[in-house]
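Got the viewer open? Here is a short tour, one selection at a time.

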Amino acid sequence: SAPEWKEALDRIYLFAEIVDIRYEHYQFELPDIIADNNAIAAVIWEQIKALLFPNFQEVKRLYKNNGQTIEKGSTRSVMNHPFNALNWLVEKLAEQIDMSGKERVITGGLTKAVDIQRENTYLVELFDKDQLIGKLSF
């Protein structure tokens with residue numbers, strides 16, 4: 001449950017997932033991603049202490065390209081709360097593999113997929129209310 005996950009977590013990760021471009025317009029289904037882990041070309045992340053999040057349901061994410069916002073998202077977009085997605089995914093994974101270690105589990109994106117161009121600089125920012133609590137650049 002959400003309260004149990006909040007109590008159990010000591011850190012979260014802000015991540016940017018670089019998706020394989022062979023899926024035109026990112027049209028793939030969950031089984032494609034699980035069965036073919038080539039869908040993810042790279043994952044870039046920054047560790048953030050979970051204590052910085054008083055309310056995970058209200059966290060916002062901005063995706064910027066060369067300083068201009070190109071995509072916005074919220075943790076509400078991940079099954080209405082990221083802990084709902086985390087709980088569902090870990091239960092499904094535990095049916096197939098041992099989840100007793102310190103696995104990193106990606107609960108789902110907060111924004112739509114963004115086309116990445118090699119010559120551009122991207123910034124992903126995470127806000128709790130209006131306070132910047134994490135950022136990635138690539």
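What follows is a walk through a predicted model, starting with a sheet and ending in a loop.

**Stop 1: the sheet**

Start by colouring the four strands of the open sheet, which run in the order S4-S3-S5-S6 with antiparallel pairing. Now look at the edges: strand S4 (68-74) and S6 each have a single partner strand, so one side of each is left without a neighbour in the sheet. If you turn the view to look at the twist, neighbouring strands here are turned by 20° against each other on average, direction ignored.

Next, select strand S3 (residues 59-65) together with S5. How many bridges join S3 to S5? Seven, and the two strands run antiparallel. For a spot to zoom in on, pick Lys 64, which stands opposite Leu 123 in S5.

**Stop 2: the rings**

Time to show aromatic side chains. A search of the whole structure turns up two aromatic pairs. Select Tyr 63 and Phe 138 to see an edge-to-face pair, with 6.5 Å centre to centre and 85° between the planes. Tyr 63 sits in strand S3 and Phe 138 in the segment after S6, so this pair ties together parts that are 75 residues apart in sequence.

Are these two residues buried or exposed? Tyr 63 counts as buried, at 5% relative accessibility. Phe 138 is partly exposed, with a relative accessible area of 25%.

Keep Phe 138 on screen and add Tyr 122: the ring centres are 5.6 Å apart and the planes meet at 25°, so this pair is stacked. Because Tyr 122 lies in strand S5 and Phe 138 in the segment after S6, the pair ties together parts that are 16 residues apart in sequence. Tyr 122 is buried, at a relative accessible area of 1%. Show the three side chains at once and you have the whole cluster, with Tyr 63, Tyr 122 and Phe 138 linked by ring pairs.

**Stop 3: along S6**

Now go to Gln 131, which is in strand S6 (residues 131-137). Gln 131 counts as exposed, with 54% relative accessibility. Draw a C-alpha to C-alpha distance from Gln 131 to Val 59: you should get 9.7 Å in space, for two residues that are 72 apart in sequence.

**Stop 4: the loop**

Last, select Thr 111, in the loop between helix H3 (82-94) and strand S5 (122-128). Which residues does Thr 111 touch, leaving aside its neighbours within four places in sequence? Its contacts are Arg 61, Tyr 63, Glu 71, Lys 72 and Gly 73. You have already met Tyr 63 in the edge-to-face pair with Phe 138.

Is Thr 111 buried or exposed? Its relative accessible area is 17%, and buried means under 20%, so Thr 111 is buried.

Step along to Lys 112, also in the loop between H3 and S5. At 59% relative accessibility, and with exposed meaning over 50%, Lys 112 counts as exposed. To finish, draw one more C-alpha distance, from Lys 112 to Lys 72: these residues are 40 apart along the chain, and their C-alpha atoms are separated by 8.3 Å. Lys 72 is also on the contact list of Thr 111, which makes a handy place to leave the view.

Conventions
Residues numbered from 1 in each chain as written. Predicted model: local features only at pLDDT ≥ 70, side-chain atom pairs only at ≥ 80, totals over all residues. Heavy atoms only, no water. Buried < 20%, exposed > 50% of the residue type's maximum accessible area, 1.4 Å probe, protein only. Contact = heavy atoms within 4.5 Å. Pairing = 2+ DSSP bridges. Axes fitted to C-alpha atoms, helices over the stretch in contact; angles between N-to-C directions. Phe/Tyr/Trp six-rings, centres within 6.5 Å; stacked < 30°, edge-to-face > 60°.
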